[in-house]
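Let's look together at how cysteines pair up in a protein chain. Keep the structure open beside you as you read.

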Amino acid sequence: MTNFHRSLVLGCSALALASCGADEIVSPGTGGDIIINPPATPAPTPTPTPTPTSSLVTPAAGCPTISDPVGLTDSNTISGPTGTYRVCTLPAVFAASSTLPYIEGLVYRINGRVDVGTDGGPTASGADTDVELTIEPGVILFSQGSGWLNVNRGNTIQANGTVDRPIVFTSRDNVQGLNTGNSSGQWGGVVLSGRAPVTDCIAPGATPGTAACERQVEGAAQPALFGGATPGDSSGSMSYVQIRYSGFVLSGDNELQSLTTGGVGSGTSLRNIMSFNSSDDGVEFFGGRFNVRNLIVVGAEDDGLDTDTGVKVNMQNVIVAQRPGVGDTIIEADSSNGLEENTPRQNTKISNATFLANSGVGDQAIRIRGFADYTIVNSILVDQSGSTPCLRIDNTETLDRAADSSIDEAGPVVFNSFVLDCAVDFRDSSGGVTAAVIESRFNSGSNNNAAFTKTLTMTFVNGANENAVAVFDPTALSSFFTLPTNIGAVYAGNDTWVQGWTCNSTAVTFDSAVTDCTTLPVY
């Protein structure tokens, strides 16, 4: 909201009213006698009255009309420290392509489960509803409890904010100003359900990676399925998006995270995504084939990056920062989900990450297991607590799995230009993998250093030691990657991508010009 400032300058001169108090401003003409007393010398310049300022939001007059036949429901207003907003509740199901416009003084409410379209099944067919939900830059959506947004197979989302006006998914308590830096788990999150291959099928006997192999969104009371055999499937695009205070337990021990992808295909675009204070994982990727650029996870209470069930994903420019005393791992990777080997195996490749472990209560900062293929290059891992081992790799099959190009399986765990600043770098792991074996694998890569001393500034920005590390060329891994000039997520020449669209917290300050995560941005 643009803030308009009004200025009222009142002065008293020889020809003015003798009394210029607040009563006279409110009700002119009700004061006392007018006294004329010409001064012998020029009157002093009056002191201007301070200009009153106000940045409080005022509610929009009503809810906009959208294309969906049910439309939006006017749910009165909600107030917090940034002002009062008109609340427009989303329909339970978007049955037609619709746009949620940015309107000053208006927030959108996700009430319970909200579906974009209906599930079109694992293959494209006449069952597709082809609904696209577009969310304009600057829009704020909030929810509470079991509320969550699910983009069903055969439908898409276009949630593309800008540097100056990110899209914010958050909780009711955040709107009302009730949160602290440790608040979490106040609503569900955002789920993208696609038709790309997954493993661990719910149908007995189904072949992983085929159209018969589907999975169910964790905790959903009603079926919310994902998976198929379309690697290039599109769930739409999300960019310059914050997802705050997510992770509500939907059922049993199942809870959502800020962003869950299930079977998302390479036609999906994900960039400039920030997860803040999820009570579960920051993000969890179940299967699929896609890329992510500019990903930030702060304060997740389980894993920062949880990759699972045969996902094949490339990520560049990644920051994961734990809150002090909170969280499990920075990375948990599992291809088989505790079962026997399934193909397609997970194959995750990360370049230019800065990982800041700080929980002090985790068993390890990074855990790779379950036959997962994993590559980390041009990255930094720092244990700020001084008590968490950095690397764990379970089972020799994970550490040394052979590549198989015939089924697109990459092979063993790989590290290049990866530095560790940890009190304990490697730990004994399950399946006969000792700390010494992991250390040997780590040392076999190029430009790795387990005796590294960090010189990071502002918690996450490269210093001299980081910039002195030789760079590994990640373009050999995938055409998605660009050749960086330094390791790490943020360095000179690559330091503006965290600015403008993020929010700050006690864990990390990204940009002094943006708001704290405990409050809403006001435009």
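## A left-handed link

In this predicted model, the link of cysteine 63 and cysteine 88 is left-handed, with -105° about the S-S bond. The two residues are joined by a disulfide, and the S to S distance is 2.1 Å. To find the partners, look in distant parts of the chain: cysteine 63 sits in the loop between α1 (22-26) and β1 (73-80), while cysteine 88 belongs to strand β2 (residues 83-89). They are 25 residues apart.

Are these two cysteines buried, partly exposed or exposed? Cysteine 63 has 23% relative accessibility, so it counts as partly exposed. Cysteine 88 has 0% relative accessibility and therefore counts as buried. The cut-off behind both labels is that buried means under 20% relative accessible area.

## A link between two loops

Now move along to cysteine 390 and cysteine 422, which are also joined by a disulfide, with an S to S distance of 1.6 Å. Is this link left-handed or right-handed? The torsion about its S-S bond is about -50°, so the disulfide is left-handed.

This pair again connects distant parts of the chain, 32 residues apart. You will find cysteine 390 in the loop between β27 (373-383) and β28 (391-393). Its partner, cysteine 422, is in the loop between β29 (414-421) and α4 (435-444). Cysteine 390 counts as buried because its relative accessibility is 0%. Cysteine 422 has a relative accessible area of 12%, so it is buried too.

## A right-handed link

Next, turn to cysteine 503 and cysteine 517, where a disulfide has an S to S distance of 2.0 Å. With 95° about the S-S bond, this link is right-handed. Both cysteine 503 and cysteine 517 lie in the segment after α5 (464-467), so the pair ties together parts that are 14 residues apart in sequence. As for their surroundings, cysteine 503 is buried, and cysteine 517 is buried as well.

## The overall pattern

How many disulfides does the structure hold? There are four, and the pairs described above are among them.

Here is a neat way to view the pairing: go along the protein chain and number the bonded cysteines in sequence order. The pairing then reads 1-2, 3-4, 5-6, 7-8. Try tracing this pattern on the structure yourself, starting with cysteine 63 and its partner cysteine 88.

Key: Residues numbered from 1 in each chain as written. Predicted model: local features only at pLDDT ≥ 70, side-chain atom pairs only at ≥ 80, totals over all residues. Heavy atoms only, no water. Disulfide = S-S within 2.5 Å. Helix = DSSP H or I, 4+ residues; strand = E, 2+ residues; numbered from the N terminus. Buried < 20%, exposed > 50% of the residue type's maximum accessible area, 1.4 Å probe, protein only.
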